[in-house]
Amino acid sequence: LFILPLGHQLHKEIFFLHVELKDKAQHGKISEIIHQVIPNPVVIIFTFGNEMSVSVAPKRLSKQEKGKIVVEGEYNSIWVNVKDANEEQKKFLQNLHLKGFHFENLHLFYSDIVKAVVFSSFIELTEIYTISKNSDLETVVELAKKVKQTQGKLAFHSSEDKKLKNFGDKVANHQKLLDAQAEWNTLKQTILAL
């Protein structure tokens, strides 16, 4: 555990946790619990053998309950084999060096980490690791939500295509699949343009 104190009206420190996993499949549930339990911003570094992944979750004060912290979303990086990383994965790892982040306040510092993690999840879509540190966090987070929704649509309509028997249903589903692929391509161009 490493605690980095920084001035900010909501939090005065950020926690860095290292979690060594015996089963990689459970990392999502573990990160969810940690982010819910610890009120401060947390960067969780998961390791499994030679692989690593980073989990972050922006938080804010609740508007309904005084003093309660709300997790706005949880974001996990890609898994990277640190001994056998490809060029795009190496760019992501290099981008995690803390000296490249803003240190003016905790919000900017943590936002930079969140953006580095979220942009790693775009590698599947763009096939490259590109990051815009000047883009605002809300834009990046919104893009991450749209990517996840579009991935869900693509998976759903691809699996439905195999199940449907009626020709009319197949045609309608195929059009929805084409629409989702068009969304996917538009998202890719949006991310690359940041």
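**A pocket and a helix pair**

In this predicted model, the second largest pocket has a volume of about 360 Å³.

Q: What makes a residue count as lining the second largest pocket, and which ones lie nearest its centre?
A: A lining residue has an atom within 4 Å of a pocket point. For the second largest pocket, 15 residues make the cut, with Asn-76, Ser-121, Ala-144, Lys-148 and Gln-151 nearest the centre.

Q: Which elements each supply at least two residues of that lining?
A: Those are β7 (75–76), α3 and α5. Of the contributors, α5 gives the most, with 5 residues.

Q: How many residues of the lining fall into each class?
A: The lining has 7 nonpolar, 4 polar and 4 charged residues. Lys counts as charged, so Lys-148, one of the residues nearest the centre, goes in the charged group.

Q: Why are α3 and α5 called roughly parallel?
A: Helix α3 (residues 106–121) and helix α5 (residues 137–163) pack at about 25°, with their axes 10 Å apart. Angles under 35 degrees count as roughly parallel, and α3 and α5 are therefore roughly parallel to each other.

Q: What is the handedness of the crossing where α3 passes α5?
A: Left-handed: that is how α3 crosses α5.

Q: How do you know which residues of α3 and α5 meet?
A: Contact means heavy atoms within 4.5 Å. On the α3 side that picks out Ser-111, Val-114, Lys-115, Val-118 and Phe-119, and on the α5 side Leu-137, Val-140 and Ala-144. By class, the contact has 6 nonpolar residues, 1 polar and 1 charged. Ser falls among the polar residues and Lys among the charged ones, so Ser-111 is the polar one and Lys-115 the charged one.

Methods. Residues are numbered from 1 along each chain as its sequence is written. This is a predicted model: local features need pLDDT of at least 70, side-chain atom pairs count only at pLDDT 80 or more; totals for chains, interfaces and linings use all residues. Side-chain values use heavy atoms; hydrogens and water are left out. Axes are lines fitted to C-alpha atoms, for helices over the stretch in contact, and angles run from 0 to 180 degrees between N-to-C directions. Helices (H or I, at least four residues) and strands (E, at least two) are DSSP runs, numbered from the N terminus. Angles under 35 degrees count as roughly parallel, over 145 as roughly antiparallel, 65 to 115 as roughly perpendicular and the rest as oblique. A crossing is left-handed if the near helix is turned anticlockwise from the far one by less than a right angle, and right-handed if clockwise. On a 1 Å grid over the protein atoms alone, a cavity is a set of points where a 1.4 Å probe fits but cannot get out, and a pocket is an open set with protein on both sides within 12 Å along at least five of seven lines; lining residues have an atom within 4 Å of a point. Grid points are joined across faces, edges and corners, and a volume is the space filled by probe spheres set on the points.
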